Amino acid sequence: MSCAIEVHGLRKSYGDHLVLNGVDLQIQSGEIFALLGVNGAGKTTILECIEGLKKYDAGRIIVYGKTGIQLQSSALPAHIRPMEAVTLFAKWNKSKIDHSMLHILGIGEIEKKQYIQLSTGQKRRLHLALALISHPDIIFLDEPTAGLDVEGRLALHEHTRRLKSQGKTIILASHDMAEVETLCDRIAILNKGNIVFCGTASELTDKISKKYVIYIKTPKGEKHFEAEDIEDTLIALLRELKNKKIPIWDLKVDRGTLEQHFMEMTGRDVK
Ligand SMILES: Nc1ncnc2c1ncn2[C@@H]1O[C@H](COP(=O)(O)OP(=O)(O)OP(=O)(O)O)[C@@H](O)[C@H]1O
């Protein structure tokens, strides 16, 4: 597989606030790659440096291919109509309008409305259509499903998977662990200016999931325990409950969710 983006030693500060402290990343062509990090970790800053929208202090970025960027909300004039925006972007990019792409994204259904009248989901679809106008190889999505309902989220996931099946590379910044786990081929976790993990969701689980989590429900309530030596801990726990004659209502053992692993690596919740 060839490389779509290489980032070497990327450093960026805002005044004396160091945000990126030598970030290295390699994103492969045709993959859906997620950038995870708590609020303010620097995800947008990395994306904007790669997109060429932001200057950086040191490092090297190489982008192999044409890029398309999904705009943030409120990025368009309030009264512009969707097809006017599409035509404007196509002229600007000297691109032919792909009507089948507009149809798939449902732009026809909203063409009579003004931008200000669109729902969050409709705006996101329009922003995605505008990102695709120039027929890019690499597409950047910054929190594409934030604020969307389940239906809107699933529709956007479907569009993203379709783009991947067309051979596009997709880079998305997200806070949604379930989204990242189901949609993305690889994940990078950004913490305190550095990439602290880069790999698949199952590699992340394997890497730090030496710990099991035991959930137990008794008449006294619900508790959970973390254990590396699962057999010894379970036997001790069951023996203690038996000795105290406390009945077990429910018992579950798992290896932790992606969110727990994320919190373990960053010391914080994702939100
Ligand atoms: N133009 C700017 N001037 C000064 N500080 C900035 C600027 N842009 C971003 N920052 C700061 O840099 C840090 C990283 O911001 P960035 O937007 O890249 O984080 P993020 O991971 O995308 O956050 P979020 O998840 O909240 O969108 C934050 O502390 C932010 O306040």
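**Exercise 1. Helix α5**

Determine which exposed residues sit on the face of α5 turned away from its buried side, and what covers the buried residues of α5.

*Solution.* The face of α5 turned away from its buried side carries V150, E151, L154, E158, R162 and S165, which are exposed. The coordinates belong to a predicted model, in which local features need pLDDT of at least 70, side-chain atom pairs count only at pLDDT 80 or more, and totals for chains, interfaces and linings use all residues. Residues are numbered from 1 along each chain as its sequence is written. A residue is exposed if 12 or fewer other C-beta atoms lie within 10 Å of its own, buried if there are 20 or more, and partly exposed in between, with C-beta atoms placed from the backbone. Helices (H or I, at least four residues) and strands (E, at least two) are DSSP runs numbered from the N terminus.

Next, check the length: helix α5 (residues 150-165) has 16 residues and, at 1.5 Å a residue, should span 22 Å, and its end C-alpha atoms are indeed 22 Å apart, in agreement; the expected span is 1.5 Å times one less than the number of residues. The buried residues of α5 are R153, L156, H159, T160 and L163. Seen down the helix axis, these buried residues fall within an arc of 125°, so they line one face of α5, the arc being that of the directions from the helix axis to the C-beta atoms. An α-helix has 3.6 residues a turn, so residues three or four places apart point the same way.

Finally, the cover over the buried residues of α5 includes β3 (32-36), α4, β6 (138-142), β7 (169-174) and α6 (177-183), and just after the helix G167 takes a positive phi of about 90°.

**Exercise 2. Residue I170**

Establish whether I170 is buried or exposed, and which residues I170 is in contact with, leaving aside its neighbours within four places in sequence.

*Solution.* I170 has its place in strand β7. Because I170 has 25 C-beta neighbours inside 10 Å, it counts as buried. With sequence neighbours within four places left aside, I170 is in contact (C-beta atoms, placed from the backbone, within 7 Å) with I32, F33, I139, L141, T160, L163 and K164. A34 lies 136 residues from I170 in sequence, yet the two are 8.4 Å apart in space, C-alpha to C-alpha.

**Exercise 3. Helix α2**

Find which residues of α2 are buried, and what covers them.

*Solution.* For the twelve residues of helix α2 (residues 82-93), 1.5 Å a residue gives an expected span of 16 Å, which agrees with the 16 Å between its end C-alpha atoms. Its buried residues are P82, A85 and V86. Down the axis of α2 they fall within an arc of 100°, so they line one face of the helix. Their cover includes α3 (99-104) and α4 (120-132), and K94, just after α2, takes a positive phi of about 50°.

**Exercise 4. The ligand shell**

List the residues around the ligand, and state how many of the shell are nonpolar, polar and charged.

*Solution.* Around the ligand (C-beta atom, placed from the backbone, within 6 Å of it) are Y14, V19, G37, N39, G40, A41, G42, K43, T44 and T45. Helix α1 (residues 43-51) provides the largest share of this shell, three residues. By class, three residues are nonpolar, six are polar and one is charged.

Technical notes
Two residues are in contact if their C-beta atoms, placed from the backbone, lie within 7 Å. Ala, Val, Leu, Ile, Met, Phe, Trp, Tyr, Cys and Pro count as nonpolar, Asp, Glu, Lys and Arg as charged, and the others, Gly among them, as polar.
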